[in-house]
Amino acid sequence: MAFPADYRYTKEHEWIKVDGNQATIGITDYAQNSLGDIVFVELPKVGEELTAGKTFGSVESVKAVSELYAPASGKVVAINESLATAPEKINSDAHGSWMLRIQLKDAGEVSKLLSSDDYDKYVKEEGGQ
Amino acid sequence: MSPTAEVNTGLRKTALNAVHRKMGAKMVDFGGWDMPVEYSGLIAEHMAVRTGVGVFDVSHMGDILIRGPQSLPAVQHISMNDASKLQPGQAHYSALLYPEGTFVDDVIVHKLGDNDYLLVINAGTREKDVNWVRQNVREFRCHADNLSDYYTQLAIQGPKAVDVLRKLTNVDLTPIKNYWFTYGTVCGLPNTMIARTGYTGEDGFEIYIPSDEPTSERVWYEVLGAGREFGILPCGLGARNTLRLESKMALYGHEISDTINVWEADLGRYCKMEKGNFIGREALEKAKTAGLKRILVGLEMIERGIGRDSYKVFSEAGGQIGEITSGSPAPFLKKNIALAYVPPEYSQIGTIVLVEVRSQKVKAQVVSTPFYKRPKKEK
């Protein structure tokens, strides 16, 4: 699987894509694959504040629940409503299925995250591939 | 006892382990076994079994043969159902109990002949069961042999299972009733045991073939080949779990265990108190008089949220009343369902309870079970 080079990644398998002083957040293809069929995504409301490294919601597959961790701090400006009725989109296109958009508090937080190459290495070690 | 010798270190493997890996299954540690949890996806596999056909490698299940002139009294002594009612070629659901009336394991007892009974037991409890059975049949003139490693067990399940198996055997499958079995040639293997049993709530068969890898692989691929026109999918333990949950079939370590008794587990219909003495009977008699403290109920989530294994259950008034034993989204029913132990006063159909889903209390309702019952159709 290829991880987009213009995204950054957490060790908890979220991705973040910066767009000016805003950013979109989702989970990686590796994460969706290990979860299996996703049936439920629980997200914060617009206006809530995320804190880098803290949980902001959860994603559930038939067999497991996984917490979502904020890659960066900031206020939620939009959530992807379509995931409420079609959470399986994350399985078919994890890197295209953003969950929420935030107003970045500190762009410096993002540069500390893993690059696509580093994340690729990380999951290969974790998955023993 | 190659090829699946039971060792103390590392995960055990069925004869089809290499095939599962080659076919891209996601593998997990299940009770010490390296087993496929899913292939193409849990929901697709679950739906294949409900609407078409799926095949599972369930060779991790154990098999104990009880043989000898006193095999019937031995089986009667160690299991709660009435094996004297079985005809040769017939099987039934039963359980091995501790003197406390709690579960050693649940089993399918097959009557092979007047002096031969085959007990199919769970994977995670194999050693415990074998030791327990051997110890408790000692006073009877019979042997208990552990045949677990000699069989590869394949479960072909779903409304089209009969059509798939028909292509692979000379046996007329139509007269085989649910929970009966016969022997015949399957994929060229003579005297193969063919049982109309399963753990999915659907029609289907379980076949028992030699556990050497070449034979196991050949039959696996022949089943998949015969099933292609019916859309057969290889299925993993993930779908096996959601299928059995929709049908309210117990799973050891969840709905039944060494701390839960037969009445609590709502399995009284398989427990024949009138058949005479058996291990656990006395305690069950007492427990019946004392009354139930908790009972297994089905829950359906009515607010957004999924109740899962070991989530706490609360009354509307606020106190904790129990715990979920198995909970999951139900792929066919498209509801979030769970089994839970609650005090009898909360077991009435329609009772509202609250399930603690992480920090939130989510409303659920006691519903009638099984959640799913397969439609009746003519043979």
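**Figure 1. The area buried between chain A and chain B in the predicted model.** Putting the two chains together buries about 1300 Å², of which carbon and sulfur atoms give 52%. In chain A, the residues that lose the most area to chain B are Phe40(A), Val62(A) and Lys63(A), which together account for 42% of what that side buries. The contact draws 17 residues from chain A and 18 residues from chain B.

**Figure 2. Polar contacts and salt bridges between chain A and chain B.** Between the two chains there are 11 residue pairs in polar contact, both at pLDDT 80 or more, and the count of salt bridges is four. One salt bridge joins the side chains of Glu42(A) and Arg358(B), at 3.4 Å from N to O, and these two residues belong with Glu60(A) and Arg308(B) to a network of salt bridges.

**Figure 3. A salt bridge between strands S1 and S2 of chain B.** Lys26(B), in strand S1 (residues 26-30), pairs with Glu38(B), in strand S2 (residues 33-38), 12 residues apart, and their closest N and O atoms are 3.1 Å apart. Glu38(B) counts as buried, at 5% relative accessibility.

**Figure 4. The salt bridge of Asp114(B) and Lys111(B).** The side chains meet at 3.3 Å, N to O; Asp114(B) is exposed, with a relative accessible area of 56%, whereas Lys111(B) counts as buried at 9% relative accessibility.

**Figure 5. A salt bridge within helix H8 of chain B.** Arg281(B) and Glu285(B) lie four residues apart in this helix (residues 281-290), about one turn, and their side chains meet at 3.0 Å, N to O. Arg281(B) is partly exposed at 22% relative accessibility, and Glu285(B) is partly exposed with a relative accessible area of 36%.

Conventions
Residues are numbered from 1 along each chain as its sequence is written. Chains are lettered from A and ligands numbered from 1 in the order in which they are written. This is a predicted model: local features need pLDDT of at least 70, side-chain atom pairs count only at pLDDT 80 or more; totals for chains, interfaces and linings use all residues. Side-chain values use heavy atoms; hydrogens and water are left out. Contact means heavy atoms within 4.5 Å. Buried area is the accessible area (1.4 Å probe) that two parts lose on being put together, summed over both. A polar contact is a pair of N or O atoms within 3.5 Å; within protein, one must be able to donate a hydrogen and the other to accept it, and residues adjacent in sequence count only if both atoms are side-chain atoms. Helices (H or I, at least four residues) and strands (E, at least two) are DSSP runs, numbered from the N terminus. Buried means under 20% relative accessible area, exposed over 50%, partly exposed in between (1.4 Å probe, protein chains only).
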